[in-house]
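Here are a few exercises to work through with the model open in your viewer. Try each task before you read its solution.

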Amino acid sequence: RITVVRHSLSDRTYRWSRPGTAEAPALLSVPIRHGDEQIGTLAVEHAAVVGMHADRRQLLEDIAGVLGTVVEAHRIGIELERQLRAAVAHSAEIASSRRTAVSEMDAERRRIERDLHDGVQHYLVSGRLALGLVEFDAKSGRTESAVQRLDTLAGQLEAAERVLTETV
């Protein structure tokens, strides 16, 4: 049995057993280390390390020592996968917020264009026509009519200014 200690996750245990064994045998565990950190445990049946050869315990500890690099690589792979999933989720959030911002800016741009076209442009075209009539009246010698039209034009310019201020 190999147990891997995983940061901020529950430990993961991998088991291998002989076919047909119903009850769990007594196990001897040795730590799996990477540097000074214990990153897991290696456990084997106690019967496999006792007996004629005194070197079996040392062999088990040597195997656990070699497994340290493999287990650490496994742990790093898990962490990298978790970080990759988080980065992909974050990039999806960023893309969504950018699409929303662009959509809102585009809607605002269209609103401003519409307000300029439907509001201010109307007053400016009307003012230009009124100015043409004032010029015609002035050239024709109708000064009273020209003065009245200038008063009307002043009112149209004030209205255009108000609409332009509201639009801005």
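## Salt bridges and a surface patch

Aspartate 106 and arginine 109 sit 3 residues apart in helix H2 (residues 55–140), so about one helical turn separates them. Keep in mind that this is a predicted model.

**Exercise 1.** Decide whether aspartate 106 and arginine 109 form a salt bridge or miss the cut-off, and find how exposed each one is.

*Solution.*
- Start with the distance: the closest N and O atoms of aspartate 106 and arginine 109 are 2.4 Å apart.
- Now the cut-off: a salt bridge needs a Lys or Arg side-chain nitrogen within 4 Å of an Asp or Glu carboxyl oxygen. The pair therefore counts as a salt bridge.
- Next, exposure. Aspartate 106 has 28% relative accessibility, so it's partly exposed. Arginine 109 comes out at 39%, which also makes it partly exposed.

**Exercise 2.** Which side chain meets glutamate 113 in a salt bridge, and how many residues apart are the two in helix H2?

*Solution.*
- The partner is arginine 109, with an N to O distance of 2.9 Å.
- Along helix H2, glutamate 113 and arginine 109 are 4 residues apart, so the spacing is about one helical turn.
- Glutamate 113 is partly exposed because its relative accessible area is 44%.

**Exercise 3.** Go further along helix H2 and work out what joins glutamate 135 to lysine 139, and which class of exposure each falls into.

*Solution.*
- The two side chains meet in a salt bridge, at 3.3 Å from N to O.
- Glutamate 135 and lysine 139 are 4 residues apart in helix H2, so about one helical turn lies between them.
- For exposure, the class between 20% and 50% is partly exposed, and over 50% is exposed. Glutamate 135 has 44% relative accessible area, so it's partly exposed; lysine 139 has 69%, so it's exposed.

**Exercise 4.** Which residues do salt bridges with shared partners join into one network, and how many salt bridges does the whole structure have?

*Solution.*
- The network is made up of Asp106, Arg109, Arg110 and Glu113.
- Searching the whole structure turns up 13 salt bridges.

**Exercise 5.** Find the nonpolar surface patch that includes Val168, and say where valine 168 is placed.

*Solution.*
- The patch is formed by Ile112, Leu116, Leu164 and Val168, which together have about 350 Å² of accessible area.
- Valine 168 belongs to the segment after helix H3 (143–167).
- Its relative accessibility is 82%, so valine 168 counts as exposed.

Key:
Residues are numbered from 1 along each chain as its sequence is written. This is a predicted model: local features need pLDDT of at least 70, side-chain atom pairs count only at pLDDT 80 or more; totals for chains, interfaces and linings use all residues. Side-chain values use heavy atoms; hydrogens and water are left out. Patches are made of residues with over 30% relative accessible area and no salt bridge: like charges are joined within 9 Å, nonpolar side chains (Val, Leu, Ile, Met, Phe, Trp, Tyr) within 5 Å. Accessible areas come from the Shrake-Rupley method with a 1.4 Å probe; for residues, only the protein chains shown count as cover. Buried means under 20% relative accessible area, exposed over 50%, partly exposed in between (1.4 Å probe, protein chains only).
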